[in-house]
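Let's take a walk through a protein model together. Have the sequence and the 3D view open side by side, and turn the view around as you read.

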Amino acid sequence: MPEHTIFHIVFLSQVLLISYYFPRKIHARMKYLFDNYPPSIYPKLYPDSIESYHRARRNFRLLNALILVAGLLIVVALYVVPHDADLGNVISFGYFMLQFSPLMLLELSSFKEFKKMRKANSSTSRKANLRPRRLLDFVSPAAFGTAVFTYFAFVLAVLYIKQFNFEWFGGYWNIVGITGMNIFFAGIVVFNMYGKKLNPHQSDEDRTRQIGGTVKALVLTSIMATVFVTISVLLSAFDLREFMPVGQSVYFQVIAVISIRATMLYFQVDDVDFEVYKEQPLAT
Amino acid sequence: MEIVIDIDDPVPLFAQVIEQIKSAVLEQKLCPGDTLPSIRQLANDLELNNKTVAKAYRLLERDSVIQTKGYRGTFIHPDAKANSAIDLNEWVLETLNKTLTEFKKSGVTDSEIRIAFANLMKPDGY
């Protein structure tokens, strides 16, 4: 079956992209950071001992290597064992969640590090920019408009398909799911723009760049997720469900490219103002 | 335009915010019509309580240094520069000083002044 072969190739690409290519890039960036911005010169960047960061970096690499091996084994098993589209969907989704777990752990550990930074911060001065932050400062009106348009187009598509009363169709739950996702993303955007400053030393320019990267990635993810669900519904409506595992795997890869690659592009290490992490000279 | 406050400074935090915004207006770093951040944004950026920034904004609005236009946000007042030069605290001190000097010349005792002042400062004093 050609759709099976296409799925195997696309799934292999998912395995290699998310569990080999991106982890390698992230690992290299961590190493570059530790080598070029050491704790002896930038002590405020490391609230813990440097050994603990090297250990975390090694654990990140090991965890990704294990997930990569598991993925390659799944590819072989998919090739050998006959399977239907539903199993392909479950495997692609389940494995994607596994692939993202090291990144989620990394994200959670960064929250802990910022908390330690705030605790260790002895400075009594607080700075703020008097420029208000607005959503359209961080994302183009065209991208934001596309997200809004895509959402309403999706709602209309769901309402249209609902009138045919397909057995497999989730109906309004599709709208609830996508709306919930958008509300969650909006919450993250609001937290980034108006919430507490997590990194107490971060310069205003770096914070603006970080918010911009996050907002752009979330808007693009929202568009992609809505388009993906719409395409899934249409594939089912036109009795092309066997192509859904392929579509889902491609979608996960696009999401990974948006969230990881875009984030890495926006946060070039050498653009960051590391002066703020140096120890302040004692006043004489 | 950046403002810096010191949480260990004896000057109250809201007064530091007011002082810095007025200074920025006088130095023309902030011009009439410029938008200011929301209370929540500024409070979180400065790691202050929302009420502290709200108090600063309220007093700046009273002095016509800023103006709030509902959901559109907070802006620098058209007459902000002239109004930033006026120090109401200074004016209150000067006026009270003149009045107290007159009372003392007339032989009014300190306790009589305190009682009269306390009566006037009661909510139904006027």
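Is B:Phe117 buried, partly exposed or exposed? Keep in mind that what you're looking at is a predicted model. B:Phe117 has a relative accessibility of 44%, so this residue counts as partly exposed. To find B:Phe117, look in helix H6 of chain B. If you also pick out B:Gln16, you'll see that B:Phe117 and B:Gln16 are 101 residues apart in sequence, with 28 Å between their C-alpha atoms.

Now look at what B:Phe117 is part of. Together with B:Ile86, B:Leu88, B:Trp91, B:Val92, B:Leu96, B:Leu100, B:Phe103 and B:Met121, B:Phe117 makes a nonpolar surface patch of about 840 Å². Where do these residues come from? Two helices of chain B, H5 (88-105) and H6 (110-121), each give at least two residues to the patch. H5(B) has the largest share, with six residues. B:Ile86, on the other hand, sits in a loop, the one between helix H4 (80-84) and H5 of chain B. With 48% relative accessibility, B:Ile86 is partly exposed, because that label covers values from 20% up to 50%.

Let's hop over to chain A. Its secondary structure adds up to eight helices and one strand. Follow the chain along its sequence and you get the pattern α-α-α-β-α-α-α-α-α. The C-alpha trace of chain A spans about 80 × 45 × 25 Å along its principal axes. Of the 284 residues in chain A, 42% are buried.

Two of those helices are worth a look as a pair. The axes of H5(A), residues 141-162, and H6(A), residues 172-194, come within 9 Å and cross at roughly 165°. The angle is over 145 degrees, so H5(A) and H6(A) are roughly antiparallel. Their crossing is right-handed.

Next up are the charged side chains. Side chains of opposite charge can pair when their charged atoms come close. How many salt bridges does the structure hold over all chains? The total is 13. One of them joins the side chains of A:Lys116 and A:Asp48, at 2.6 Å from N to O. A:Lys116 belongs to helix H3 (residues 85-120) of chain A, while A:Asp48 is in the loop between helix H1 (2-36) and helix H2 (50-80), so this pair ties together parts that are 68 residues apart in sequence. Both ends are partly exposed: A:Lys116 has a relative accessible area of 34%, and A:Asp48 has 26%.

Compare that with a pair inside one helix. A:Asp206 and A:Arg209 form a salt bridge at 3.2 Å, N to O. Both residues lie in helix H7 (residues 204-237) of chain A, three residues apart, which is about one turn of the helix. A:Asp206 is buried, because its relative accessible area of 7% is under 20%. A:Arg209, at 29%, is partly exposed.

Chain B has a salt bridge to show you too. B:Asp63 pairs with B:Arg62, and their closest N and O atoms are 2.8 Å apart. B:Asp63 is buried, with a relative accessible area of 12%. Finally, go back to chain A for a small group: A:Asp48, A:Glu113 and A:Lys116 are joined into one network by salt bridges that share partners.

Note on methods. Residues are numbered from 1 along each chain as its sequence is written. Chains are lettered from A and ligands numbered from 1 in the order in which they are written. This is a predicted model: local features need pLDDT of at least 70, side-chain atom pairs count only at pLDDT 80 or more; totals for chains, interfaces and linings use all residues. Side-chain values use heavy atoms; hydrogens and water are left out. Patches are made of residues with over 30% relative accessible area and no salt bridge: like charges are joined within 9 Å, nonpolar side chains (Val, Leu, Ile, Met, Phe, Trp, Tyr) within 5 Å. Accessible areas come from the Shrake-Rupley method with a 1.4 Å probe; for residues, only the protein chains shown count as cover. A salt bridge is a side-chain nitrogen of Lys or Arg within 4 Å of a carboxyl oxygen of Asp or Glu. Helices (H or I, at least four residues) and strands (E, at least two) are DSSP runs, numbered from the N terminus. Buried means under 20% relative accessible area, exposed over 50%, partly exposed in between (1.4 Å probe, protein chains only). Axes are lines fitted to C-alpha atoms, for helices over the stretch in contact, and angles run from 0 to 180 degrees between N-to-C directions. Angles under 35 degrees count as roughly parallel, over 145 as roughly antiparallel, 65 to 115 as roughly perpendicular and the rest as oblique. A crossing is left-handed if the near helix is turned anticlockwise from the far one by less than a right angle, and right-handed if clockwise.
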